[in-house]
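What follows is a short report on a two-chain protein model. It starts at the contact between the chains and then turns to single residues.

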There are 2 protein chains.
Amino acid sequence: LNKKKVSYSNRGMSLEDDLTRTNEYYLLKNRAVIHKKPIPIQVVNVDYPRRSAAKITEAYYKKASTTDYNGVYRGRYIDFEAKETRNKTSFPLKNFHEHQIKHMNACFEHGGICFVVIRFSSINRVFLLNFPQLKNWWQQQFDENGKKSIPIKALIKEGYEIKYSLAPRLPYLDLIDTLYSFK
Amino acid sequence: LNKKKVSYSNRGMSLEDDLTRTNEYYLLKNRAVIHKKPIPIQVVNVDYPRRSAAKITEAYYKKASTTDYNGVYRGRYIDFEAKETRNKTSFPLKNFHEHQIKHMNACFEHGGICFVVIRFSSINRVFLLNFPQLKNWWQQQFDENGKKSIPIKALIKEGYEIKYSLAPRLPYLDLIDTLYSFK
Ligand SMILES: [Mg+2]
Ligand SMILES: [Mg+2]
């Protein structure tokens, strides 16, 4: 037998691309309904040319007030943020906005499934960190001598590595099955 | 005593404004976390002027693939669409896109709370119709002699009128409490 070890590792795709494909796969297989939220844009001016589509000619990006993805899985609300870093050994907490943490905290308190997916793009490793652990890391940064980033060692210990596969690309729901209880 | 009968009826606000204010109130009172999804926009060209914000100079509206609002309420996923009509006696089904019905159907099958909020703007009455009833109306239109719109009488019978109040403006979650079971 001539079994090749196949690598499904990321081939230049962004974390967002990988998650969008993963969610499309989950939707197709009827496992979950999870979508990326559109980027909020403030439209200032629109032209309405005759016989063609409305053309936005002036608009600006707004700061997102929530997170990247949400939807429903096994009857529960699911909400998560995706983040990438070029760093190799730690994830800087400044990549989060406070309103994102507040939003996840509120969702979690209301019974939602909340977490972050962090990709270290230069070493191509992806981790899932559940919200309670993320919240601890977020809060300790304001302590005296608080760390300003999450070491990859902590992500290995407190989080879960998501290994690339063919389909879905990033099978994060398998980890959610072990992390959350479902009735 | 000189009690005035106060009317909280809509004062020129759109249904979307009313629902956004209602959701802000629910968030403030820590009752639910429900947000309007941003309108999806396809960005074609962006200028990056020095020392000022990125300016989008060409973009187009994309067709929404899901619904207007979603979030978490009492541990469950909630997802709904808001629609307005100038009609007085019925709501035309052509106001829905098939992908919106498909999306709500998938969410409902996965245990989500799904419904539509319909406002008759000329008579200023607002109804909530739960997804199973909406689905029946959607499907019958393809039958021979199928109705192309939902009569307001059917909304009164099969749905629930949402009466305007001061805060929240449209207390739709009170109806959800009676329509869905929570553990
Ligand atoms: Mg992100
Ligand atoms: Mg709508």
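## The interface and beyond

Between chain B and chain A, the count of salt bridges is zero. This is a predicted model. β1 (33-36), β2 (41-47), β3 (55-61), β4 (69-73), β5 (76-85) and α2 (98-109) of chain B each bring at least two residues to the side of chain B that touches chain A. The top contributor to that side is β3(B), with seven residues. By residue class, the side of chain B that touches chain A holds 17 nonpolar, 11 polar and eight charged residues.

How many residues does each chain put into the contact? Chain B gives 36 residues and chain A gives 35 residues. The size of an interface is often given as the accessible area lost when the parts come together. Here the area buried between chain B and chain A is about 2,900 Å². Carbon and sulfur atoms give 66% of that area. Polar contacts do cross the interface of chain B and chain A: seven residue pairs qualify, both residues being at pLDDT 80 or more.

**A sheet across the chains**

Which strands make up the open sheet, and in what order? There are four, in the order β2(A)-β3(A)-β3(B)-β2(B), with antiparallel pairing. β2 of chain A and β2 of chain B are the edge strands, each pairing on one side only. Direction ignored, neighbouring strands of this sheet are turned by 35° against each other on average.

The pairings can be set side by side, with one bridge from each.

| Strand pair | Sense | Bridges | One bridge pair |
|---|---|---|---|
| β2(A) and β3(A) | antiparallel | six bridges | A:Val46 and A:Ile56 |
| β3(A) and β3(B) | antiparallel | four bridges | A:Lys55 and B:Tyr60 |
| β2(B) and β3(B) | antiparallel | six bridges | B:Val43 and B:Ala59 |

The pairing between the chains thus runs through β3 (residues 55-61) of chain A and β3(B). There, A:Lys55 has B:Tyr60 as its bridge partner. Within chain A, β2 (residues 41-47) joins β3(A), and A:Val46 stands opposite A:Ile56. Within chain B, β2(B) pairs with β3(B), and B:Val43 is matched with B:Ala59. In a regular strand the side chains alternate between the two faces of the sheet.

**Salt bridges**

The interface has zero salt bridges between chain B and chain A, yet the whole structure has 16 over all chains. One side-chain pair is A:Asp177 with A:Arg74, at 2.9 Å from N to O. What parts of the chain does this pair link? A:Asp177 sits in helix α5 (residues 172-179) of chain A, and A:Arg74 is in the loop between β4 (69-73) and β5 (76-85) of chain A. The two residues are 103 residues apart, so the pair is described as linking distant parts of the chain.

**Backbone details**

Where are the cis peptide bonds? In chain A, one joins A:Ala167 and A:Pro168, with omega about 0°. A:Pro168 lies in the loop between β10 (160-162) and α5 of chain A. In chain B, a cis peptide bond joins B:Ala167 and B:Pro168, again with omega about 0°. B:Pro168 is in the loop between β10 (160-162) and α5 (172-179) of chain B.

A:Asn30 deserves a look too. Its phi is near 60°, a positive value in a residue other than glycine. A:Asn30 belongs to the loop between α1 (15-28) and β1 (33-36) of chain A.

Technical notes
Residues are numbered from 1 along each chain as its sequence is written. Chains are lettered from A and ligands numbered from 1 in the order in which they are written. This is a predicted model: local features need pLDDT of at least 70, side-chain atom pairs count only at pLDDT 80 or more; totals for chains, interfaces and linings use all residues. Side-chain values use heavy atoms; hydrogens and water are left out. Contact means heavy atoms within 4.5 Å. Buried area is the accessible area (1.4 Å probe) that two parts lose on being put together, summed over both. A salt bridge is a side-chain nitrogen of Lys or Arg within 4 Å of a carboxyl oxygen of Asp or Glu. A polar contact is a pair of N or O atoms within 3.5 Å; within protein, one must be able to donate a hydrogen and the other to accept it, and residues adjacent in sequence count only if both atoms are side-chain atoms. Ala, Val, Leu, Ile, Met, Phe, Trp, Tyr, Cys and Pro count as nonpolar, Asp, Glu, Lys and Arg as charged, and the others, Gly among them, as polar. Two strands pair if DSSP finds at least two bridges between them. Axes are lines fitted to C-alpha atoms, for helices over the stretch in contact, and angles run from 0 to 180 degrees between N-to-C directions.
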